[in-house]
Amino acid sequence: MSATKSIGDRGEAAAQRFLQSKGYRVVSTQWKCKEGEIDIVARQGELWVFVEVKTRRGGQSGDALAAITASKRQRLISAAYEYIARHGLDDPEWRVDAVAVTI
């Protein structure tokens with residue numbers, strides 16, 4: 001496993017714990033489709049939440065959330081629509097969130 005993947009996995013695990021502590025129910029992780037990957041699919045009550053996790057090591061330059069470019073945002077939205085379609089969800093309320101983790 002590469003160091004970058006290991007850091008990313010640790011960040012996603014931390015994000016899951018954070019979301020669960022706030023009352024979210026994690027439904028799926030690292031869900032993949034042709035549009036890309038959704039790091040975390042969660043529920044907050046009836047609301048579906050598709051979460052992008054960006055992890056940085058302490059001392060690294062750059063804002064983790066700034067790394068979510070316009071094209072990445074569009075891929076996340078497309079992947080969310082694909083998840084909704086594949087799971088037969090009937091016009092659910094949903095949103096895309098981002099969680100920045102510093103290790």
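# Rings, sheet and salt bridges

Colleague: How many aromatic pairs does the count come to?
Modeller: This is a predicted model. Two rings count as a pair if their centres lie within 6.5 Å. By that rule the number of aromatic pairs is five.

Colleague: Trp 31 and Tyr 83 form one aromatic pair; what is its geometry?
Modeller: The centres of Trp 31 and Tyr 83 are 5.0 Å apart. Their planes stand at 75°. Planes over 60 degrees apart fall in one class, so the pair is edge-to-face.

Colleague: How many residues apart are Trp 31 and Tyr 83?
Modeller: Trp 31 sits in strand S1, residues 25-33. Tyr 83 belongs to helix H2. The pair therefore links distant parts of the chain, and the separation in residues is 52.

Colleague: Is Tyr 83 buried or exposed?
Modeller: The cut-off for buried is under 20% relative accessible area. Its partner Trp 31 meets that at 12%. Tyr 83 has 3%, so Tyr 83 is buried.

Colleague: What class of pair do the rings of Phe 50 and Trp 94 make?
Modeller: The ring centres of Phe 50 and Trp 94 are 5.7 Å apart. The planes meet at 80°. That angle makes the pair edge-to-face.

Colleague: Which strands hold Phe 50 and Trp 94?
Modeller: The two residues are 44 residues apart, so the pair links distant parts of the chain. Phe 50 lies in residues 47-56 and Trp 94 in residues 94-102. Those strands are S3 and S4.

Colleague: Phe 50 or Trp 94: which is partly exposed?
Modeller: Phe 50 has a relative accessible area of 2%, so it is buried. The other ring has 24%. The partly exposed residue is Trp 94.

Colleague: Which residues do ring pairs link into a cluster?
Modeller: Trp 31 pairs with Tyr 83, and Phe 50 with Trp 94. Those four belong to a cluster that also takes in two further rings, Trp 48 and Tyr 81. The cluster is Trp 31, Trp 48, Phe 50, Tyr 81, Tyr 83 and Trp 94.

Colleague: Which are the edge strands of the open sheet?
Modeller: The sheet has four strands in the order S1-S2-S3-S4, with mixed pairing. An edge strand pairs on one side only. The edge strands are S1 and S4.

Colleague: In S3, what is the bridge partner of Val 41?
Modeller: Strand S2 covers residues 36-44. S2 and S3 run antiparallel, joined by five bridges. In S3, the partner of Val 41 is Phe 50.

Colleague: What angle does the direction of H2 make with that of S1?
Modeller: H2 packs on the sheet. The helix touches S1, S2, S3 and S4. The angle between the directions of H2 and S1 is about 110°.

Colleague: How far apart are the closest N and O atoms of Glu 82 and Arg 86?
Modeller: Both residues lie in helix H2, residues 70-86. Four residues separate them, about one turn of the helix. Glu 82 is partly exposed at 21%, as is Arg 86 at 49%. Their salt bridge has an N to O distance of 2.9 Å.

Colleague: Arg 43 forms a salt bridge with Glu 46; which of the two is buried?
Modeller: The closest N and O atoms of this bridge are 3.4 Å apart. Glu 46 has 67% relative accessibility, so it counts as exposed. At 14%, the buried partner is Arg 43.

Colleague: How many salt bridges does a search of the whole structure find?
Modeller: Among them is Glu 35 with Lys 34, at 3.8 Å. Glu 52, Lys 54 and Lys 72 are linked in a network. The whole structure has a total of seven.

Methods: Residues are numbered from 1 along each chain as its sequence is written. This is a predicted model: local features need pLDDT of at least 70, side-chain atom pairs count only at pLDDT 80 or more; totals for chains, interfaces and linings use all residues. Side-chain values use heavy atoms; hydrogens and water are left out. A salt bridge is a side-chain nitrogen of Lys or Arg within 4 Å of a carboxyl oxygen of Asp or Glu. Buried means under 20% relative accessible area, exposed over 50%, partly exposed in between (1.4 Å probe, protein chains only). Rings of Phe, Tyr and Trp (its six-membered ring) pair if their centres lie within 6.5 Å; planes under 30 degrees apart count as stacked, over 60 as edge-to-face and the rest as tilted. Two strands pair if DSSP finds at least two bridges between them. Contact means heavy atoms within 4.5 Å. Axes are lines fitted to C-alpha atoms, for helices over the stretch in contact, and angles run from 0 to 180 degrees between N-to-C directions.
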